[in-house]
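Please open the model in your viewer and keep the sequence panel beside it, since this tour moves from one selection to the next.

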Amino acid sequence: MVKYDERLKQKVVDAYLAGEGGYRRIANKFGVLSHANIRKWVNIYLKYGKKGLNRKYKYEKYPVQFKIDVLNYKLRTGDSLSDIALNFDISEPSVIHLWHKIWQSQGIEGLSQTKGRPSMSKKPKKKIDKKLTKEQQLEKEIELLRAENAYLKKLRASGINIPNRLRK
């Protein structure tokens with residue numbers, strides 16, 4: 001995805017508003033890949049002004065109730081995704097389409113799921129205090145020694161120098 005700087009966006013919007021051509025012509029003139037970008041920039045500029053063209057660096061996390069409100073508005077009015085995005089100050093209209101697909105397939109529970117890895121917890125991990133018998137401890141030690149022995153054999157077979165700390 002190509003990122004365009006704010007100066008280029010402003011030039012493109014100014015050219016369109018000055019009547020230098022339509023979306024496609026201005027896209028070709030300034031080397032913008034899609035005329036849909038220009039349409040989006042013009043609409044954002046008309047609604048929010050110059051500030052609207054600035055890049056948003058913060059990832060926006062929307063609450064579930066907000067998503068439901070947006071989807072209800074979409075179903076009630078039938079507006080286009082870009083109009084709804086402008087109305088609710090959502091950076092990408094495709095996000096609304098994604099919410100709609102998730103809502104149709106998984107319901108409200110799907111909208112409440114978060115993506116990505118869970119955050120690192122500052123709580124200490126629970127240690128399972130499992131006491132092993134003497135026999136189980138010895139079996140575990142034998143298993144570890146066998147694994148180490150197999151590893152060293154593979155190193156020798158491949159011709160890699162074995163570090164002194166492993167030879168002991």
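What percentage of the 168 residues of the protein chain count as buried? In this model, which is predicted, 21% of the residues of the protein chain count as buried.

**The whole chain**

Begin with the protein chain in a cartoon view, where you will find nine helices and zero strands, so that, because helices and strands here are DSSP runs numbered from the N terminus, helix labels such as H4 can be followed along the sequence. With a surface switched on, the protein chain exposes about 13,900 Å², and carbon and sulfur atoms supply 53% of that area. If you display contacts between residues at least 6 apart in sequence, 50% of them join residues at least 24 apart.

**The largest nonpolar core**

Next, select Tyr 62, Ile 68, Val 70, Leu 71, Tyr 73, Ile 84, Ala 85, Ile 90, Ile 96, Trp 99, Ile 102 and Leu 111, the twelve residues that make up the largest nonpolar core. Colouring by helix will show that H4 (64–77), H5 (81–88) and H6 (94–106) each supply at least two residues of this core, while the largest share, four residues, comes from H4. In soluble globular proteins, nonpolar side chains tend to be buried together.

Now centre the view on Val 70 and, setting aside residues up to four places away in sequence, look for its contacts with Ile 84, Phe 88, Ile 90, Ile 96 and Trp 99. A second, separate core has eleven residues, and Val 13, Ala 15, Val 32 and Trp 41 are among them.

**Two buried lysines**

Which helix holds Lys 67? Select Lys 67 in helix H4, where its relative accessibility of 13% means that this lysine counts as buried, because the cut-off for buried is under 20%. Apart from neighbours within four places in sequence, Lys 67 is in contact with Tyr 62, Trp 99 and Leu 111, and these three residues also appear in the list for the largest nonpolar core. Zoom in on the end of the side chain of Lys 67, where a polar atom lies 3.0 Å from the backbone oxygen of Leu 111.

Then move to Lys 9, which is found in helix H1, residues 6–17, and which is buried as well, with a relative accessible area of 12%. Leaving out residues up to four places away in sequence, Lys 9 touches Tyr 4, Trp 41 and Leu 53, and Trp 41 is one of the residues of the second core. A distance drawn between the C-alpha atoms of Lys 9 and Asn 37 reads 9.4 Å, although these two residues are 28 residues apart in sequence.

**The salt bridges**

How many salt bridges does a search of the whole structure find? The search finds two, and both can be shown as sticks. For one of them, select Asp 5 and Arg 7, whose side chains meet at 3.5 Å, N to O; Asp 5 is partly exposed at 28% relative accessibility, whereas Arg 7 is exposed, with a relative accessible area of 64%.

For the other, select Glu 20 and Lys 29, whose closest N and O atoms are 2.5 Å apart. Glu 20 is partly exposed, with a relative accessible area of 36%, and Lys 29 is exposed at 56%.

Terms used. Residues numbered from 1 in each chain as written. Predicted model: local features only at pLDDT ≥ 70, side-chain atom pairs only at ≥ 80, totals over all residues. Heavy atoms only, no water. Salt bridge = Lys/Arg side-chain N within 4 Å of Asp/Glu carboxyl O. Buried < 20%, exposed > 50% of the residue type's maximum accessible area, 1.4 Å probe, protein only. Core = buried A, V, L, I, M, F, W, Y, C linked by side-chain atoms within 4.5 Å. Contact = heavy atoms within 4.5 Å. Polar contact = N/O pair within 3.5 Å; in protein donor to acceptor, adjacent residues only side chain to side chain. Areas by Shrake-Rupley, 256 points an atom, 1.4 Å probe, with all protein chains shown as cover.
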